[in-house]
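Student: Could you take me on a close look at one part of this model, the enclosed empty space and what surrounds it? I'd like one connected walk-through rather than a list.

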2 protein chains.
Amino acid sequence: MSASVGVVTPSRHRFDAPLALSSGASIAGYELVYETYGRLNAARSNAVLVCHALNASHHVAGVAAHDPQDVGWWDNLVGPGKPVDTERFFVVGVNNLGSCFGSTGPMSVNPATGRPYGPDFPVLTVEDWVRAQAHLADALGIARFAAVIGGSLGGMQALAWSTLFPGRLAHCVAIATAPKLSAQNIAFNEVARRAILTDPDFHGGRFYDHGTVPARGLQVARMIGHITYLSDDVMGERFGRTLRRHASDTALRSEYQFTYDVEFEIESYLRHQGEKFSRYFDANTYLLITRALDYFDPARDRGGDLAAALAPARCGFLLVSFATDWRFAPARSREIVAALLANQRSVTYAEIDAPHGHDAFLLDDPRYHGLVAAYFGRIATEVSA
Amino acid sequence: MSASVGVVTPSRHRFDAPLALSSGASIAGYELVYETYGRLNAARSNAVLVCHALNASHHVAGVAAHDPQDVGWWDNLVGPGKPVDTERFFVVGVNNLGSCFGSTGPMSVNPATGRPYGPDFPVLTVEDWVRAQAHLADALGIARFAAVIGGSLGGMQALAWSTLFPGRLAHCVAIATAPKLSAQNIAFNEVARRAILTDPDFHGGRFYDHGTVPARGLQVARMIGHITYLSDDVMGERFGRTLRRHASDTALRSEYQFTYDVEFEIESYLRHQGEKFSRYFDANTYLLITRALDYFDPARDRGGDLAAALAPARCGFLLVSFATDWRFAPARSREIVAALLANQRSVTYAEIDAPHGHDAFLLDDPRYHGLVAAYFGRIATEVSA
């Protein structure tokens, strides 16, 4: 039987040593917020690091102590008896540097000025996040992870771990990810950023000082993102061309209203998602994280040769893609698989025929979860061996 | 040899009789701007109506008299010796009601108030446009078109002609179109509209009175549109992950700049397209045209039965789709083909393996143009018979 890890409280670690960044800049000192589930074994060999994607956080599993409604974003995957079984693994969720859920980021006070960093917060890369995560592992006394796992942008972090710190992970589990963004992927990010950057309430990133939030830009950015997370088919099944029911109506409407206000259910859904997002997500963080996505391209310094870029990796790999994911299509995962095989690495790869598009990595398709459970079952055997 | 129709000057027709609209509203009087190329034959049987898509106009072919840079949007298809041969056909291009290139629309003066309509301009449908076009045909003395042709939203108008006025066209040529928008199609339109509607310079659609233009919203809207017009592949081939060259650089840059400004060529391209669009396109017209796209669904009154909806059609049909068009994919055209075949209509259908995505309908792929040329060659024989 699977259950929840229960009520969880985040921890916080302060790093006083400066972190040198990919850009050449450095950050003087910083804090990372994290949660842990399960127990680190005596050999300190059963730790699993979970890397988050765009809008997620350290709160991977369980129920937040401060808010019983706040269930971890991968609670269906991580917990006692779940595919990443917290009865066997010590799971670490960390909020990335530059994010807006407690770790140091654009909303934090810049010690040089005594005011929020805002646009002065340095532009970061996936590799910067991974280096910061490695410092957290040091602080937790974890020399080597049994696995580093992530989906989407989190999968990119797991991949970067495999080459930046090849001796510090036994397995890399990268789900619904890509070795780099396509021009179309970058294009969607750029439109989202433009919506934020041109919102008059953005104030060049210093909106904190103006008591405003660029909510309009964030809403549009999130709406664009949402379209790319869902497959055309699942959007059709869930919403189709159904007209929105107004609060005063007792049945679904069947007539057009001839307005530019919400008319279709899909419009209502997207607006709701956009508005919700704009209330909790920081606009500077949105810019930072989408730019890190754009920049990720480990083969770039190797003349585009992904196999050469992944050559340092020593761990085992599980890659999973989803048939209807058009943001990071299965072909993108297969590029990674081919490059790893060229290096004679041990790779398990599955393409799951799930209908949900990119979002499938957050859902509990039994084939997908069964595969992750089996793979982690094998890791558990290695850990206890 | 194919040549241009040369320098063209638009004409304008004023309609004083009110037009009853799908919404139940009516428009008291209106003007339509149009261009014609070639000569109407004595039997008045060789007229071809060209219907435009979102941002196009009556200026289909030739060079505008007022601006030698302004070449018609389908000049590669329409002209002497071209697939729609103006040596044989009398071609009519019309700017739709509600558009912003001269026909009555939101920028026009509302006779009831003496000020621009703005948000008071009625919401229109594809069927409303077609009815207005039929009045223009009356004015031009064209009882029956040899063909009505259009791509994308223009193809929807051609389809609507076939059922609303079955006796008034011999052929319907509908390219890169769909029988209705999918939830994903509506979603993209809705994000674009939100960008415009929430731009503070929109002023509830009364921006003319404020001396402003919601340029930020229009830019974002156009950028989103552009992404959907191009295939992922062609975007990758044209832009890939190439970094933008700054004016001061002599070679393409190879290093990231670590900013949120333009970094990749694809970003530069999209911004340029967005800025150009925001200088010439009316925001209220953008709302109106995307809403007409959303609403188009001829099967809606027939319980979703497209064959029943198309049953009134009597003309011949040419449908063309493009393999890499993910906005209106070939499967969408095949839905129309199947419904027409169920009605025993004469249908020619081709899926062109062009790499350019939805934009392919505006380009001159030789297989595509060869097919259109052959089909119109057949129509020309009928006309002169």
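Tutor: Let's start with the second largest cavity, bearing in mind that this is a predicted model. Its lining is made up of L181(A), Q184(A), N185(A), F188(A), N189(A), T228(A), W326(A), R327(A) and F328(A). Helix 3 of chain A, residues 183–197, is the top contributor here, giving four residues. Sort the lining by class and you get four nonpolar, four polar and one charged. The volume comes to about 60 Å³.

That's one of five cavities of 30 Å³ or more that turn up when the whole structure is searched. The largest has a volume of about 120 Å³, and this one draws on both chains: among its 14 lining residues, A195(A), T198(A), R216(A), A195(B) and T198(B) lie nearest the centre. Helix 5 of chain A (215–229) and helix 5 of chain B each put at least two residues into that lining. By class, the largest cavity is lined by six nonpolar, four polar and four charged residues.

Since residues of both chains surround that space, let's move on to the contact between the chains. Chain A gives 59 residues to it, and chain B gives 59 residues as well. Together they bury about 5,100 Å², with 63% of that on carbon and sulfur atoms. On the chain B side, R241(B), F258(B) and Y260(B) are the residues that lose the most area to chain A, and together they account for 17% of what that side buries.

Now for the polar side of things. There are 24 residue pairs in polar contact across the interface, counting pairs with both residues at pLDDT 80 or more. The rule also picks out eight salt bridges between the two chains. One to pull up on your screen is E190(B) with R271(A), where the closest N and O atoms sit 2.8 Å apart.

Which elements of chain B give two or more residues to the side that touches chain A? They're helix 3 (183–197), helix 5 (215–229), helix 6 (232–238), helix 7 (265–280) and helix 8 (283–295). Helix 3 of chain B has the largest share, at eleven residues. Taken by class, that side of chain B divides into 30 nonpolar, twelve polar and 17 charged residues.

So keep helix 3 and helix 5 in view as you go round the model. In chain A, helix 3 gives the most to the lining of the second largest cavity; in chain B, helix 3 supplies the largest share of the side touching chain A. Helix 5 of each chain, for its part, helps line the largest cavity.

Terms used. Residues are numbered from 1 along each chain as its sequence is written. Chains are lettered from A and ligands numbered from 1 in the order in which they are written. This is a predicted model: local features need pLDDT of at least 70, side-chain atom pairs count only at pLDDT 80 or more; totals for chains, interfaces and linings use all residues. Side-chain values use heavy atoms; hydrogens and water are left out. Contact means heavy atoms within 4.5 Å. Buried area is the accessible area (1.4 Å probe) that two parts lose on being put together, summed over both. A salt bridge is a side-chain nitrogen of Lys or Arg within 4 Å of a carboxyl oxygen of Asp or Glu. A polar contact is a pair of N or O atoms within 3.5 Å; within protein, one must be able to donate a hydrogen and the other to accept it, and residues adjacent in sequence count only if both atoms are side-chain atoms. Ala, Val, Leu, Ile, Met, Phe, Trp, Tyr, Cys and Pro count as nonpolar, Asp, Glu, Lys and Arg as charged, and the others, Gly among them, as polar. On a 1 Å grid over the protein atoms alone, a cavity is a set of points where a 1.4 Å probe fits but cannot get out, and a pocket is an open set with protein on both sides within 12 Å along at least five of seven lines; lining residues have an atom within 4 Å of a point. Grid points are joined across faces, edges and corners, and a volume is the space filled by probe spheres set on the points.
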